[in-house]
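Here is a report on one protein chain. Keep the sequence and the structure in view while reading.

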Amino acid sequence: MKFASLATILSALSLASTTSAFTTPRTHITTIAAGNTYSRSYNTYLEESTLEGENAEDTAGEETTQEQQVPAPPVAVAVESSIPTTPPRTATTKITAERIEKATKERPYPLFLAEKAASILPSFESDTYYPTNTQKERIIVLGTGWGAASFLKSIDCNKYDVTVISPRNYFVFTPMLAGASVGTVEFRSITEPVREINSKVRYLEAAATEVDPKTNTLSCVSIVCEGNSCETEEFQIDYDRLVFSVGAQTTTFGTPGVEEYCNYLKQVGDAQQIKNAIVNCFESAGLPGLTEEDKIKELSFVIIGAGPTGIEFAAELLDFIEENGERFYKELLPYVRIKIVEAAPSILRPFEDGMKEEAIRKLTRRIELEGVPSLQPLEILTNKLVSEVSGNYVYFKDGEKIPYGMSLWAAGIGQLPITTNLIGALGETEQKDAQDYARGRIAVDPWLRVIGGDGKIFALGDCSCVSSSPMLPATAQVAAQQGEFLGDFLSKDYCIDEMDDKLLPPLRRNPGQSKPLSDKIASFAMGDDEIAPPFQYLDLGILAYTGSGSALAQVQIAPGGGLPGANNENWDPVRLQIKGKLGFGLWRSIYLLKMTSPKNAVLVALDWIKVKLFGRDISIL
C-alpha cells in the first residue's frame with residue numbers, strides 16, 4: 001500500500017476543485033530520436049530494426065523530412081524486440097516511431113488531473129516484482145536537496161539497496177533561508193536529517209569527485225577528524241544505478257570581487273553568516289567617533305539580484321528593522337539603506353506586471369516608528385549592471401558606485417564541477433550533441449535517464465535538463481516532482497536499460513500484471529499500456545514574500561496555446577493572482593504543508609509565534 005505525502009494530497013485536492021484549481025499543468029517532454037536531428041514539434045526520426053535475443057541484427061529504415069530541425073542526440077529507436085521479464089515471461093512488442101511519438105506527447109489536462117488525484121489514493125495493487133535472490137540492485141544517490149529528498153520518500157527500499165552520498169547529512173527547506181538569515185525562524189527548524197527522511201537508506205558523509213560511467217564507479221573524498229586533527233580520505237564505490245541530484249551553485253558571471261566580498265544564500269551556513277553580518281553592521285555603526293557618512297556606509301545593505309531570493313531577503317530584513325529595530329537600534333535606524341540592484345528592467349520576472357507593482361509598493365513603503373523620523377529605507381535600482389565589487393563599494397558599468405556594509409549576491413546559478421565531470425566522462429556519446437541545448441546541464445530523456453548513460457544513470461533538479469523546449473525552471477518545485485516521479489518509476493517493474501546498444505522507452509516486464517489506478521489513467525491518456533508514462537511537470541504556481549505580513553501568489557488556472565516561450569505569441573495562460581494578507585496566509589500555509597515532516601512544521605509555526613511575542617534574537621554565534 002502506498003500513501004502520498006500530505007502536501008501532495010492537499011495540492012491535488014486544490015487542483016481538483018472547479019473554482020480554485022491551483023494551476024494548469026504544463027508538459028515538457030523530450031522528443032525521442034534515433035538520427036542526428038529532432039524536431040521541436042515532437043516529430044521523430046526513428047530507425048527501423050529488429051532485435052531477436054542476443055544475436056539481433058539491425059535493419060535500416062527510411063527517414064522522413066521534418067521541419068524546424070535542431071541538433072539532438074539519438075536516445076531511442078524503432079525496434080521489434082523481445083523484452084526480458086522477471087519472473088520469466090516474454091512480452092514481444094513492436095516499438096514504432098508513431099507509437100513513441102504518441103506516448104511522449106503531453107497527457108491531456110483533464111486526464112492528467114485525474115491521474116494526479118488517483119495517485120493520492122492508497123493502492124492495493126502492485127506492479128513491482130521482487131527478485132527471489134537476496135542481492136538487491138545498489139542505487140547511489142548524490143545530494144540531499146529537493147530532488148534527493150523526494151526520491152528517498154518514494155523509492156522502494158525493499159527492492160533496492162539505497163546509499164546517499166553528500167557532504168551534508170540533512171535536507172534544508174531553502175525557501176525559508178531568507179527568514180532564517182534574520183532570525184524569523186531557527187536554522188534547525190528548516191532542516192531534516194537524511195536518516196529521518198528514510199531510515200532504511202545508508203548515508204556516507206563525503207563529496208563525489210568523479211563519475212566513471214564505463215565501470216559504474218564513483219570516486220569520493222571524505223574528511224575524517226580525530227580530536228583537533230583532520231585529514232581527507234579517498235574511496236571508490238560501485239553502483240548499479242546512479243541518481244545524480246547535486247543541484248547547482250551560485251554563479252558570479254566572472255564579476256571581479258564577488259567571491260571575495262559578497263554573501264550567498266544557498267546553504268544554512270550562508271544564512272548564519274548573513275545573520276551575523278547584519279548584527280555586526282549595526283554594532284559597528286554604534287561605535288563612537290563615526291561620522292554620519294560612516295554610519296550610512298555601515299548600515300547600507302546591497303542586494304544584487306531581484307528574483308524571489310533577493311526580494312524575500314529584502315522583505316525579511318525590512319521586517320527586522322520595522323519590528324525589532326526600534327527596540328535594539330532606535331538611534332541608528334535613520335541611517336539604514338537597503339538597495340536592490342537588478343540588471344533587468346523589472347523585478348520578479350516570473351510574475352505578472354500587476355504583482356510586480358504590488359511588490360514594489362510593499363517594499364518601498366514608509367515605516368512609522370515612535371520617536372523615529374519617518375523612514376523609507378528601501379530603494380530598487382533596475383537596469384544596473386555590476387562591473388566589480390570591492391571591500392567597500394559596488395561598482396556599476398555606467399560608472400556609478402555605492403558604498404555598502406553588507407552585500408548579498410543572488411543573481412544566478414551555475415553548475416558544480418562534478419556535473420561538468422560527468423558530462424565529460426560520457427565522452428563521445430549522444431550527451432555531447434545534447435549540450436547544444438542543455439548548455440552545461442546534464443541532458444536527460446523523458447524518463448530522466450541520462451542521455452548516453454546506458455540507462456544506468458539518472459539526473460534531476462537544477463543540474464539536469466529534459467531535452468525539450470522550453471527548458472524547465474531551476475526551482476525546488478521541479479526538483480521535488482522529478483524526485484517523486486523517479487522514486488515511483490524505479491519502484492515499478494520496467495525494463496530501463498539499454499538492449500544491444502539501443503535505449504528503448506521503458507516497457508513493462510509483465511504487461512498482464514495489475515497496476516495502480518493512476519497508471520491506468522496515464523496509460524489511457526497515452527494510448528499505450530506497456531510504455532511507462534514519462535515525467536510530466538505540473539506547475540503549482542510561484543510565491544514571494546514582500547514583507548509586513550504580505551505575499552504574492554500567482555497560479556495558472558487555464559493553459560495557454562502551445563508551449564510557453566518567447567517565440568510563442570499564442571502562449572497566454574490564465575493566472576490567478578493573490579496578494580496582500582490573503583497571499584500571506586496562502587504563502588505560510590503552503591510552506592507549512594511542504595515541510596518534510598510534521599516536526600518541522602510544528603517547529604516553524606512555534607518560531608513564528610515566538611518572534612511575534614519576543615522578537616528576533618540578535619546574538620552573534
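## Ala149 and its surroundings

Setting aside neighbours within four places in sequence, Ala149 is in contact with Phe171 and Ile197. The model is predicted. Ala149 sits in helix H4, which covers residues 146-154. Is Ala149 buried or exposed? Its relative accessibility is 5%. The cut-off for burial is under 20%, so Ala149 counts as buried.

Ala149 also pairs up in space with a distant part of the sequence. Ala480 is 331 residues away along the chain, yet the two C-alpha atoms are 7.6 Å apart.

## The chain as a whole

The chain has 621 residues, and 54% of them count as buried. Its secondary structure amounts to 17 helices and 33 strands. Long-range contacts can be put in figures too. Take the contacts between residues at least 6 apart in sequence: 69% of them join residues at least 24 apart.

The exposed area of the chain is about 27700 Å². Carbon and sulfur atoms account for 50% of that area.

## A parallel sheet of five strands

One open sheet has five strands, in the order E10-E7-E6-E14-E27. Their pairing is parallel. Which strands stand at the edges? They are E10 (202-205) and E27 (457-459). Each has a single partner strand, so one side of each lacks a neighbour in the sheet. On average, neighbouring strands here are turned by 20 degrees against each other, direction ignored.

At the E27 edge, the pairing partner is E14 (residues 241-244). The two run parallel and are joined over three bridges. Within this pairing, Phe244 has Ala459 of E27 as its bridge partner. Helix H14 (residues 476-491) lies across E6 (137-142), E7 (160-166), E14 and E27. H14 runs at about 155 degrees to E27.

## A hairpin

Strands E21 (residues 386-389) and E22 (residues 393-396) run antiparallel. Three bridges join them. Together they form a hairpin, with three residues between the strands. Val389 stands opposite Val394 of E22.

## The two sides of helix H11

Helix H11 spans residues 353-363. Its buried residues are Met355, Lys356, Glu358, Ala359, Lys362 and Leu363. Viewed down the axis of H11, these buried residues fall within an arc of 160 degrees, so they line one face of the helix. The other side of H11 carries Asp353, Glu357 and Arg361, which are exposed.

## Gln554, a buried polar side chain

Gln554 belongs to strand E32 (residues 551-558). How does its accessibility place it, buried or exposed? The value is 3% relative accessibility. Burial requires under 20%, so Gln554 counts as buried.

The side chain of Gln554 has a polar atom 3.1 Å from the backbone oxygen of Pro350. Pro350 is also listed among the contacts of Gln554, once neighbours within four places in sequence are left aside. Phe351, Glu352 and Met355 are further contacts of Gln554. Met355 is one of the buried residues of H11, so this helix and Gln554 meet there. The remaining contacts of Gln554 are Gly541, Ile542, Arg575 and Leu576.

Definitions and conventions
Residues are numbered from 1 along each chain as its sequence is written. This is a predicted model: local features need pLDDT of at least 70, side-chain atom pairs count only at pLDDT 80 or more; totals for chains, interfaces and linings use all residues. Side-chain values use heavy atoms; hydrogens and water are left out. Helices (H or I, at least four residues) and strands (E, at least two) are DSSP runs, numbered from the N terminus. Buried means under 20% relative accessible area, exposed over 50%, partly exposed in between (1.4 Å probe, protein chains only). Contact means heavy atoms within 4.5 Å. Accessible areas come from the Shrake-Rupley method with a 1.4 Å probe; for residues, only the protein chains shown count as cover. The arc is that of the directions from the helix axis to the C-beta atoms. A polar contact is a pair of N or O atoms within 3.5 Å; within protein, one must be able to donate a hydrogen and the other to accept it, and residues adjacent in sequence count only if both atoms are side-chain atoms. Two strands pair if DSSP finds at least two bridges between them. Axes are lines fitted to C-alpha atoms, for helices over the stretch in contact, and angles run from 0 to 180 degrees between N-to-C directions.
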